[in-house]
Amino acid sequence: MFKSGFVAILGRPNVGKSTFLNRVMGQKIAIMSNKAQTTRNKIMGIYTTETEQIVFIDTPGIHKPKTALGDFMVESAYSTLREVDTVLFMVPADEKRGKGDDMIIERLKEAKVPVILVINKIDKVHPDQLLEQIDDFRDQMDFKEIIPISALQGNNVDRLLTILTENLEEGFQYFPEDQITDHPERFLVSEMIREKILTLTEQEVPHSVAVVVDSMKRDPETDKIHIQATIMVERNSQKGIIIGKHGAMLKKIGTLARRDIEIMLGDKVYLETWVKVKKNWRDKKLDLADFGYNEKEY
């Protein structure tokens, strides 16, 4: 009997949703950063064994939106409640329940599917603190299960997968066994470039950046995959930060991104990047659509 199902991963920004998804998949398909709101689109991770297929949907961190991009991200996250068989509500063990968690819980109470509370980052707290948090969240809502994990170290992740499998129903294999995500390679390439910008730049730059892959094709002379990408920012000052003195920052971003892209594609890559200014793109629906944040997703 083959079992399958769809599982949404919901939570506030920076609770470790992408780290968990990458841990389950055994490779990077969702970008990670210690900055909030790293994930902007829903990212699908397809976990397949001989007897099951769990389709995880990693969602943008739910926050109080201040831009049209923020609205898109929050609605994108909540829309998954209508599409899945189970919800993983992820919270960090090293932070107390806050208003953001309460807001999500109110929406989850309306969900017509089981909700599992996943308390991540247990490697950062004392067991007594963890027990207090479990009791606190248990008082807020009737969760199907409460599972403490460390996505970074892998603690209890196998147990969580076992519980998800037990709750799966008999079903189809929706995707080929060797497919790990629904997103095209161009999207993953753009995300890997954006991840390096998030990692290397500070202050106002990260949330104002979008990356568009303009072309991606094999060069017959070098046999390398030639990728051309444009980094969009909102202000000239941000463009200067990303380019850096004598182009040093842009070169570093390109070098680090190229390494990850080569691992993903299993091929040599020649990466060219440009930086352009598009003022206030996060509040313009046409720009949002052009850069891959399409309302049709929700």
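Trainee: At what angle do the axes of H7 and helix H8 (residues 248-265) cross?
Mentor: This is a predicted model with residues numbered from 1 along each chain as its sequence is written; local features need pLDDT (the predictor's confidence in each residue, from 0 to 100) of at least 70, side-chain atom pairs count only at pLDDT 80 or more, and totals for chains, interfaces and linings use all residues. Side-chain values use heavy atoms, with hydrogens and water left out. Helices (H or I, at least four residues) and strands (E, at least two) are DSSP runs numbered from the N terminus, while axes are lines fitted to C-alpha atoms, for helices over the stretch in contact, with angles from 0 to 180 degrees between N-to-C directions. The axes of H7 and H8 come within 5 Å, and they cross at roughly 65 degrees.

Trainee: By class, how many nonpolar residues does the contact of H7 with H8 have?
Mentor: Contact means heavy atoms within 4.5 Å, and here Ile241, Ile242 and Ile243 of H7 meet Ala248, Met249, Leu250 and Ile253 of H8. Ala, Val, Leu, Ile, Met, Phe, Trp, Tyr, Cys and Pro count as nonpolar, Asp, Glu, Lys and Arg as charged, and the others, Gly among them, as polar. With no polar and no charged residues in this contact, the nonpolar count is seven.

Trainee: Is Lys239 buried, exposed or partly exposed?
Mentor: Let's place Lys239 in helix H7 (residues 236-243). Not counting residues up to four places away in sequence, Lys239 touches Val233, Val275 and Val277. Buried means under 20% relative accessible area, exposed over 50%, and partly exposed in between (1.4 Å probe, protein chains only). The relative accessible area of Lys239 is 29%, so this residue is partly exposed.

Trainee: Which strands stand at the edges of the open sheet E8-E9-E10?
Mentor: The order is E8-E9-E10, with mixed pairing; two strands pair if DSSP finds at least two bridges between them. Each edge strand has a single partner, so one side of it is left without a neighbour in the sheet. The two are strand E8 (210-218) and strand E10 (269-277).

Trainee: What is the bridge partner of Ile225 in E10?
Mentor: Strands of a sheet pair through backbone hydrogen bonds, either parallel or antiparallel. Strand E9 (residues 225-233) and E10 pair in the parallel sense over nine bridges. In E10, the partner of Ile225 is Val269.

Trainee: Then what angle does the direction of H8 make with that of E10?
Mentor: H8 packs on the sheet and touches E8, E9 and E10. Its direction and that of E10 make an angle of about 135 degrees.

Trainee: How far apart are the ring centres of Phe89 and Phe143, and why is the pair stacked?
Mentor: Rings of Phe, Tyr and Trp (its six-membered ring) pair if their centres lie within 6.5 Å; planes under 30 degrees apart count as stacked, over 60 as edge-to-face and the rest as tilted. Phe89 and Phe137 are edge-to-face, at 6.3 Å centre to centre and 70 degrees between the planes. The planes of Phe89 and Phe143, however, stand at 25 degrees, so that pair is stacked, with centres apart by 6.4 Å.

Trainee: Which residues form one aromatic cluster?
Mentor: Phe89 lies in strand E4 and Phe143 in the loop between H4 and strand E6 (145-148), so their pair ties together parts 54 residues apart in sequence. Phe89 counts as buried because its relative accessibility is 0%, and Phe143 counts as buried because its value is 9%. The cluster consists of Phe89, Phe137 and Phe143.
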